[in-house]
Amino acid sequence: MGQEGIVLNIIDYLDGNLTEEITIDSIAGKFHFNRFYLMKMFKKVTGITILEYVNHKKIIGSLSDVVNTDDKILKIALNHGFNSQEYYSEMFTKVLGISPSEFRKQAPIDPGDLKVGDDDMTRLEQIQSEIKLLEELRLALLAQPALSQKNNQEQTFIPVRQNRPMVVK
């Protein structure tokens, strides 16, 4: 099995355990790899880190709840595997350039209408399509007059702190 196959197995594991506490060491142990090799291989194949992948999946999963429910942001954060509202809001803002509360008020589309990829795409292409879709959504949000005035400084896509321990819950 090549690196892509291994990474797809890791992604399947991550997708099935998004609400569980997962560490790089636990993933490395499960798949019998050195943690540094595992992180390097995952980034080489997907273009993003494991933490970025997990946070993207959680954010994507939460979009519909943010827009279509009146649930408090804390409840949404906890339901989608984040340990706190603060961290959820921080990751949401880094991914989309807007807080969950602002997104709720100004979402240009219903997240339930988002279709990612098609049946002919490989799993890795679908993941890359999800990442691209989030970037397009972030850009659409920033293009709105109220937000572009508020966010007049250029933002980069997904700056994740590397010194934060990789504990995903």
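At what angle do the axes of helix 4 and helix 6 cross, and within what distance do they come? In this predicted model, the two axes come within 10 Å and cross at roughly 95 degrees. An angle from 65 to 115 degrees counts as roughly perpendicular, so that is the label for helix 4 and helix 6. Helix 6 covers residues 85–96, while helix 4 spans 50–68. Quite a few side chains turn up where they meet: Leu51, Asn55, His56, Ile59, Ser62, Leu63 and Val66 on the helix 4 side, and Tyr87, Tyr88, Met91, Phe92, Val95 and Leu96 on the helix 6 side.

His56 is worth a closer look. This residue sits in helix 4 and contacts belong to the meeting with helix 6 listed above. Is His56 buried or exposed? With a relative accessible area of 1%, His56 falls under the 20% cut-off and so counts as buried. A polar atom of the His56 side chain lies 2.6 Å from the backbone oxygen of Glu52. As for Met91, 35 residues separate it from His56 in sequence, yet the two C-alpha atoms are 8.5 Å apart in space.

Helix 4 also packs with helix 1, which runs over residues 3–16. Here the axes come within 11 Å and cross at roughly 45 degrees, which makes helix 1 oblique to helix 4. The crossing is right-handed. On helix 1, the residues involved are Ile11, Leu14 and Asp15; on helix 4, they meet Ile50, Tyr53, Val54 and Lys57.

Then there are the nonpolar cores. The largest holds 20 residues, and the ones with the most contacts inside it are Ile10, Leu14, Ile27, Leu38, Phe42, Ile50 and Tyr53. Helix 1, helix 2 (24–31), helix 3 (35–46) and helix 4 each put in at least two residues, with helix 1 giving the largest share, five residues. A second core, separate from that one, has 16 residues, among them Ile59, Ile73, Phe92 and Val95. Of these, Ile59, Phe92 and Val95 also appear where helix 4 meets helix 6, just as Leu14, Ile50 and Tyr53 from the largest core appear where helix 1 meets helix 4.

Zooming out, the protein has nine helices and two strands, in the order α-β-α-α-α-α-α-α-α-α-β from the N terminus. Of its 169 residues, 40% count as buried. Among contacts with a separation of 6 or more, 68% join residues 24 or more positions apart.

How values were computed
Residues are numbered from 1 along each chain as its sequence is written. This is a predicted model: local features need pLDDT of at least 70, side-chain atom pairs count only at pLDDT 80 or more; totals for chains, interfaces and linings use all residues. Side-chain values use heavy atoms; hydrogens and water are left out. A nonpolar core is a set of buried Ala, Val, Leu, Ile, Met, Phe, Trp, Tyr and Cys residues joined through side-chain atoms within 4.5 Å. Buried means under 20% relative accessible area, exposed over 50%, partly exposed in between (1.4 Å probe, protein chains only). Helices (H or I, at least four residues) and strands (E, at least two) are DSSP runs, numbered from the N terminus. A polar contact is a pair of N or O atoms within 3.5 Å; within protein, one must be able to donate a hydrogen and the other to accept it, and residues adjacent in sequence count only if both atoms are side-chain atoms. Axes are lines fitted to C-alpha atoms, for helices over the stretch in contact, and angles run from 0 to 180 degrees between N-to-C directions. Angles under 35 degrees count as roughly parallel, over 145 as roughly antiparallel, 65 to 115 as roughly perpendicular and the rest as oblique. A crossing is left-handed if the near helix is turned anticlockwise from the far one by less than a right angle, and right-handed if clockwise. Contact means heavy atoms within 4.5 Å.
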